[in-house]
Amino acid sequence: MTPYDNDADALLAARERVRRLERLTSRREAVAVQLDEVATLLGDLEERLAKEERDVSRLEGGGFAAFLSGLTGSREERLVRERAEALAVRQRLDGQRNRLEWLNADRAAVDEGLAGLGTAREEYDALLEREERRLVASGDARGRELAEIGHRLADTRADLVEHREAHRAGVDALHGVGEVLRCLGSARGASTWDMLAGGGGFADMMEHGHLRDADEAAWHAQQLLDTFSRELVDIGVTVTPKLPKVDTRWFADMFFDNIITDAIKHHRIADTGAAVGDVAEWVRRTVGGLDLRLEELARQRDALTARREEVIVTG
């Protein structure tokens, strides 16, 4: 690190390096998006040019296409048009190739700048921590405020971790419940066919298979719901989400009790699907609430981090 006359100068210089790192990182990401766009355009234009050149070659070299054009008296006119179209595509292709060179040069320049700033963030954080410790130890007003900010920042970061874990578990649970709904929907479709069109044994077999899939998916989804509920406890929410009775005994009752009619089976599948849908909707709302809370916690963290930096750097 470069020596400075005092810690304030060192902090300001380190902060400027971090800002330059952030600007270059954003620029690098923008260039990467542009390079992907150019790559796609180049592929499309190369295919287009190959097609246009084939059309020109067919007209120039004779063959069936040239013969037909000659019969109608349009061969020369069409050849001129095809050559013009091929030229236009070639010019666009050349332009995108030039753009690719410029973008690669931009990326190389950005990478060179980033190479000299690889540890800027770590250096700045180390200076902040050193100055923070000095101010806290000094006992002045800034030190007391920094100590309070430190406690709140630690709590906020911990809350963020716990809410992210709960959110991740909720997304997993939502996918699991969604798979149950998908299987029940397939079973309901087979049941409708059986009931209205007389699908017979084949429809029963399909219905049976879909419901066995739903049974398996339901057990897996319940495990995911249990995990979700445990993660919610960590953020102060106590719930016990349960799927409806779609266990093995329920499916055995559906298939192996010959007294149950197709209509009753159909309505039971529909009712179960509606109940699972209610669970899915609850999970979706809860995950949405976690999204909002994560955004709020991130804003709190950023505000505390900014205030900590302001106190340390500017006093």
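This passage walks through the fold, the nonpolar cores and one buried acidic residue of a predicted model.

The secondary structure amounts to eight helices and zero strands, so that the order of elements, read from the N terminus, is simply α-α-α-α-α-α-α-α. The chain has 315 residues, and 33% of them count as buried. Contacts across the sequence are well represented: among those with a separation of 6 or more, 79% join residues 24 or more positions apart. The surface exposed by the chain comes to about 18600 Å², with carbon and sulfur atoms supplying 53% of that area.

A good place to start inside the model is the largest nonpolar core, which holds 25 residues. Val177, Val180, Leu225, Phe228, Leu243 and Val283 have the most contacts within this core. Two or more core residues come from each of α5 (141–197), α6 (200–233) and α8 (262–314), and α6 gives the most, with nine residues. Val177 offers a closer view: leaving aside residues up to four places away in sequence, Val177 touches Ala221, Leu225, Leu243, Val276, Val279 and Ala280. Another core, of 20 residues, lies apart from the largest one and includes Ala14, Leu128, Ile149 and Ile312.

Glu82 invites a look of its own. This residue belongs to helix α3, which spans residues 75–115. Glu82 counts as buried because its relative accessible area is 8%, under the 20% cut-off. With residues up to four places away in sequence set aside, Glu82 touches Glu52, Asp55, Val56 and Leu59.

Key: Residues are numbered from 1 along each chain as its sequence is written. This is a predicted model: local features need pLDDT of at least 70, side-chain atom pairs count only at pLDDT 80 or more; totals for chains, interfaces and linings use all residues. Side-chain values use heavy atoms; hydrogens and water are left out. A nonpolar core is a set of buried Ala, Val, Leu, Ile, Met, Phe, Trp, Tyr and Cys residues joined through side-chain atoms within 4.5 Å. Buried means under 20% relative accessible area, exposed over 50%, partly exposed in between (1.4 Å probe, protein chains only). Helices (H or I, at least four residues) and strands (E, at least two) are DSSP runs, numbered from the N terminus. Contact means heavy atoms within 4.5 Å. Accessible areas come from the Shrake-Rupley method with a 1.4 Å probe; for residues, only the protein chains shown count as cover.
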